[in-house]
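Student: I'd like to practise reading domains and confidence on a model. Can we go through one together?
Tutor: Sure, let's put it up and start with the domains.

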Amino acid sequence: MSASPATPLLAIRSLRAAYGKIEALKGVDLDINAGEIVALIGANGAGKSTLMMTIFGRPRARSGTIEFDGQDITGVPTHDIARLRIAQSPEGRRIFPRMSVAENLQMGADATDSSEADRASSLERVFALFPRLKERITQRGGTLSGGEQQMLAIGRALMSRPRLLMLDEPSLGLAPLIARQIFDAIRTLNRQDGLTVLIVEQNANHALKLAHRGYVMVNGLITLSGTGSELLQRPEIRAAYLEGGRRE
Amino acid sequence: MSAPPAAQTSRAPGAAFIFKKALISALVALVLFSLMIGVRTEAGPQGQLIYWTRFGDLAAMVATVFGGSIVFELLRQWWGPVGTIRVVPPAVQSTLSLAGRLIAPVLLVFTFLVPVIFYNERYILDLGILVLTYVMLGWGLNVVVGLAGLLDLGYVAFYAVGAYSYALLATNFGLSFWICLPLAGILAAFWGVLLGFPVLRLRGDYLAIVTLAFGEIIRLVLLNWQSVTGGPNGVTGIPRPTLFGIPLSAGDDGLAAILGIEYSPTHRIVFLFYIILALALLTNWVTIRLRRLPIGRAWEALREDEVACRALGINTTTTKLTAFATGAMFGGFAGAFFATRQGFISPESFTFHESALVLAIVVLGGMGSQLGVALAALAMIGGFELFRGLDQYRMLVFGMAMVLLMIWRPRGLIGHRAPTVFLKHNQAISSDLVKEGHG
């Protein structure tokens with residue numbers, strides 16, 4: 001494991017989760033320190049998304065612990081986890097198509113008890129990051145382009161002023177140029193606001209370049225970890241996820 | 001009539017396509033009707049089977065289907081679905097949008113004046129009360145189906161709970177209408193939550209089946225629990241509502257005597273009219289307020305994408321339960337009103353037919369649109385009365401009108417969803433342009 005300073009913001013110890021009889025996580029250990037970007041890479045069905053969803057309380061962990069800021073959140077209901085200001089942008093964006101951009105963003109703030117002032121300042125922050133959303137403010141979510149929808153999904157997650165932002169495949173189905181914009185925005189968030197980010201990606205090259213540290217997941221287990229650049233150098237990573245398995 | 005989605009491949013299918021389709025429809029009609037209409041059977045005087053053929057009627061029927069199918073297809077091309085872009089002159093467009101904005105206030109003012117204008121027409125007043133009852137039921141169900149997207153086929157159960165709550169409390173304990181009204185609402189809301197719990201994990205078709213069964217269970221309990229509900233005999237002698245304790249009766253302590261005016265039974269009808277109007281407006285007001293609050297927004301988000309709601313940390317359990325409870329509460333209010341208006345209730349008033357009718361109003365109105373639901377209730381209940389002169393063809397004409405309306409406006413009368421968060425100016429974007437369901 002990495003040489004982690006003090007206590008990490010999120011600490012996962014031998015976490016197991018399953019869908020019925022199929023075990024998706026077979027004892028995962030993972031740390032996320034405050035202020036860092038952590039990338040979780042791996043092939044389809046490795047359990048990356050499951051790990052993210054288990055952190056968020058659904059599916060429930062079978063065994064193991066998840067600690068957020070020193071507090072055990074294993075088995076805490078999803079809506080209570082959201083109140084601790086962990087936010088996620090789910091796989092496939094999942095914005096609300098018939099609701100306007102403004103309403104979509106407000107939905108992000110609804111789960112936490114946000115005051116009007118909080119909402120206004122979060123909204124400003126989102127618009128500063130994604131000016132495109134401001135232009136589209138009255139438009140229905142479903143009329144946005146794929147990239148704009150991804151911006152909306154991230155913006156929506158940011159509305160709850162998260163301490164930990166979890167992004168599931170933010171570059172999925174996006175043109176390389178748009179994907180780069182999204183990654184740039186994540187980097188900006190991290191540098192300017194010190195936002196802690198867990199990013200789940202199949203686009204290993206981009207994700208590892210962006211991240212401070214990375215974890216590689218295979219069949220429900222973490223097989224490798226290290227800094228982003230370290231992992232990028234590893235021949236087995238290059239072989240499995242970059243040269244051969246690279247998407248786009 | 002079968003309707004393959006061939007229209008999607010080509011915008012305007014040719015004559016051959018229309019002809020072929022009409023031929024298929026006619027063939028289906030021939031098979032179906034050959035026994036239903038072609039052969040007439042009856043029991044003879046000694047109980048033996050007598051039958052004779054009616055090939056003329058059969059031929060007429062098949063020809064009608066053939067011709068109807070062609071007309072139908074032509075009409076479809078004529079109007080086209082809402083998605084087609086048509087060039088409308090700006091002047092007409094602005095007039096239409098003005099009319100659109102004015103229709104609600106005009107309708108409201110007119111409704112307020114109905115008892116004044118039609119004071120001497122008892123029939124219209126009664127019809128108005130009936131329409132308003134369904135407007136209220138529609139608005140109540142709209143919370144569950146239109147906003148939260150939970151398909152509820154047993155809404156009549158809450159209507160029944162409200163009606164029986166008032167009827168039993170009033171006849172057994174002598175409580176007044178105004179005390180029982182909130183109680184009926186609370187009891188109905190309680191039953192709404194009770195229904196909500198087992199169906200939390202269900203969606204779509206499965207939810208519809210359970211709610212349908214729930215509606216039937218309530219009706220069957222009312223029918224069979226004779227000692228409490230009176231069974232099929234129902235509850236009689238339900239007291240009429242009073243104005244702050246003053247009855248609207250012909251007696252010396254009645255309102256007419258106190259005011260020193262001549263008594264007329266119309267007073268009570270007008271009074272009832274304004275009660276249901278007030279109740280309906282309350283329903284509307286509460287719904288509009290709730291839509292702007294996080295809970296109302298959560299209902300709509302739930303309709304759009306339940307998984308996304310969970311990902312945002314929305315508590316879907318409470319969101320669903322509050323939707324069921326709120327919708328049920330309004331159903332309960334309407335039920336209490338129904339009981340006091342009728343003075344007599346029995347399980348026969350709470351069949352599945354009522355649920356279907358209210359659901360049709362919501363769907364026809366455009367799920368989630370308050371004005372649309374009101375217009376649909378007016379069209380459904382009022383229109384049904386309008387066609388009364390057609391006797392046995394009433395259902396046929398009415399059904400055809402509904403089919404045509406759904407072709408013309410597949411999203412209901414008012415399919416446009418008004419946003420609830422406003423920032424400076426609004427851009428009107430037709431909901432028809434929005435891709436459905438995919439994120």
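Student: How far apart are the centres of domain 1 and domain 2 of chain A?
Tutor: In this predicted model, the C-alpha centres of domain 1 and domain 2 of chain A are separated by 23 Å. Check the bounds too: domain 1 of chain A is made of 1–84 + 163–248, and domain 2 of chain A covers 93–160.

Student: How many residues does each domain of chain A put into the contact?
Tutor: Domain 1 of chain A brings 14 residues, and domain 2 of chain A brings 10 residues.

Student: And which elements give two or more residues to the domain 1 side in chain A?
Tutor: Look for α2 (78–83), β7 (164–168) and α7 (176–193) of chain A. The largest share of that side is from α7(A), with six residues.

Student: What classes of residue make up the side of domain 1 of chain A that touches domain 2 of chain A?
Tutor: Go by class: nine residues there are nonpolar, four are polar and one is charged.

Student: Now confidence. Which stretches of chain B have pLDDT below 50?
Tutor: The general idea is that predicted coordinates shouldn't be read in detail where pLDDT is low. In this case, chain B has a mean pLDDT of 85, with 90% of its residues at 70 or more. Still, pLDDT is below 50 over residues 1–11 of chain B, a stretch with eight contacts beyond near neighbours in sequence. Residues 424–439 of chain B are also below 50, and that stretch has 31 such contacts in the model.

Student: What are the ipTM and pTM scores?
Tutor: The model gets ipTM 0.89 and pTM 0.81.

How values were computed
Residues numbered from 1 in each chain as written. Chains lettered and ligands numbered in written order. Predicted model: local features only at pLDDT ≥ 70, side-chain atom pairs only at ≥ 80, totals over all residues. Domains from an automatic or database assignment. Contact = placed C-beta atoms within 7 Å. Helix = DSSP H or I, 4+ residues; strand = E, 2+ residues; numbered from the N terminus. Nonpolar A, V, L, I, M, F, W, Y, C, P; charged D, E, K, R; others polar. pLDDT = per-residue confidence, 0-100.
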